[in-house]
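User: I would like to go through this structure by question and answer. Please reason from the coordinates and end each reply on the value or name I ask for.

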Amino acid sequence: MTSRGTLFTVSAPSGAGKTSLVNALLEQCPQLRVSVSHTTRPIRPGEQDGVNYHFVDEKTFLGMLEQAEFLEHARVFGNLYGTSGTWVEEQLASGTDVILEIDWQGARQVRRLVPDTCAIFILPPSREILAERLRARGQDDPDIIDSRLAQAAQEMSHYVESDFLVVNDDFDRALAELQAVVTGERLRTARREVALRETLQDLLS
């Protein structure tokens, strides 16, 4: 019998390296899929619709919201983001682990609906390095970068709502810590005993 998949949320302030870490984690961890969120944010150079995000206009997004299609949603820096609840449930029911890249507001909503979600928060090593990373990306105007930095402290204060805390100072070490979290969650007795039911019956008979 296939055990139900685990739902992971990964939150971080912009510039903490969340997306790079999650992409590397997906390459290392089989049976782990990332949910592609819907957003009203404009597409950036190098991004692909359906790969990085499902890019939709606000009218379409609000229509989906009215139909209760989102597991979570939030407005961040003037743009709407949402996670398809149907897709996530289908993956979990099939035994596939799912990881959501979402802000703390979304992670809180997900935890409310799926209490056994594993919440991970990624922090930068310092505010100075966070500012350097945001500027180095070259994706946002200076005003947007200043806005993100102004919001960073408030966002990072919500690390207390997570189960695991990772500091992205050294990328390889941070990635190894994320892998350890995923492995540890997969080995929890409550999750393993379903998949090992026949083995356990044999051992205990």
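User: What distance does helix 7 reach from its first C-alpha to its last?
Analyst: Helices are DSSP runs of H or I with at least four residues, strands are runs of E with at least two, and both are numbered from the N terminus. The expected span of a helix is 1.5 Å times one less than its number of residues, and for the 16 residues of helix 7 it is 22 Å. The span in the model is close to that expectation, at 23 Å.

User: What pLDDT do side-chain atom pairs need in order to count?
Analyst: Residues are numbered from 1 along each chain as its sequence is written, and side-chain values use heavy atoms, with hydrogens and water left out. The model is predicted: totals for chains, interfaces and linings use all residues, local features need pLDDT of at least 70, and side-chain atom pairs count only at pLDDT 80 or more.

User: How wide is the arc covered by the buried residues of helix 7?
Analyst: Buried means under 20% relative accessible area, exposed over 50% and partly exposed in between, with a 1.4 Å probe and protein chains only. In helix 7 the buried residues are Ala174, Leu175, Leu178, Val181, Val182 and Glu185. They lie on the same side of helix 7 because the arc they cover, taken from the directions from the helix axis to the C-beta atoms, is only 115°.

User: Which residue caps the N-terminal end of helix 7?
Analyst: The backbone nitrogen of Asp172 has a side-chain oxygen 3.3 Å away. That oxygen belongs to the capping residue, Asp170.

User: Which element gives the most to the largest nonpolar core?
Analyst: A nonpolar core is a set of buried Ala, Val, Leu, Ile, Met, Phe, Trp, Tyr and Cys residues joined through side-chain atoms within 4.5 Å. The largest has 20 residues, and Phe8, Leu25, Ile99, Ile120, Ile122 and Leu178 have the most contacts inside it. Two or more residues come from each of strand 1 (7-11), helix 1 (18-28), strand 8 (118-123) and helix 7 (171-186). With 5 residues, the main contributor is helix 7.

User: Which residues are in contact with Leu178, leaving aside its neighbours within four places in sequence?
Analyst: Contact means heavy atoms within 4.5 Å. On that basis, and without the sequence neighbours, Leu178 touches Leu21, Leu25, Ile120, Ile122 and Val166.

User: How many residues are in the second core?
Analyst: The second core is separate and includes Leu7, Leu71, Val88 and Ala107. In soluble globular proteins, nonpolar side chains tend to be buried together. The number of residues in this second core is 10.

User: Which exposed residues does helix 3 carry on the face turned away from its buried side?
Analyst: Helix 3 (residues 85-93) has Val88, Gln91 and Leu92 as its buried residues. They cover an arc of only 95° around the axis and are therefore on the same side of helix 3. That side packs against strand 1, strand 2 (32-34), strand 5 (70-76), strand 6 (79-84) and strand 7 (97-101). The face turned away carries the exposed residues Thr86 and Ala93.

User: How many residues apart are Arg108 and Glu161?
Analyst: The structure holds 9 salt bridges, each a side-chain nitrogen of Lys or Arg within 4 Å of a carboxyl oxygen of Asp or Glu. In one of them the closest N and O atoms of Arg108 and Glu161 are 2.6 Å apart. Arg108 is in helix 4 (residues 104-113) and Glu161 is in the loop between helix 6 (142-156) and strand 9 (164-167), a separation in sequence of 53 residues.

User: Which residues are joined into one network by salt bridges that share partners?
Analyst: Arg188 and Glu185 form a salt bridge, with their closest N and O atoms 2.8 Å apart. Arg188 is partly exposed, at a relative accessible area of 44%, whereas Glu185 is buried, at 5%. Shared partners make one network of Asp116, Glu185, Arg188 and Arg191.

User: With which side chain does the side chain of Thr6 make a polar contact?
Analyst: Thr6 lies in the segment before strand 1 and is buried, with a relative accessible area of 2%. A polar contact is a pair of N or O atoms within 3.5 Å; within protein, one must be able to donate a hydrogen and the other to accept it, and residues adjacent in sequence count only if both atoms are side-chain atoms. At 3.3 Å, the partner of the Thr6 side chain is Arg191.
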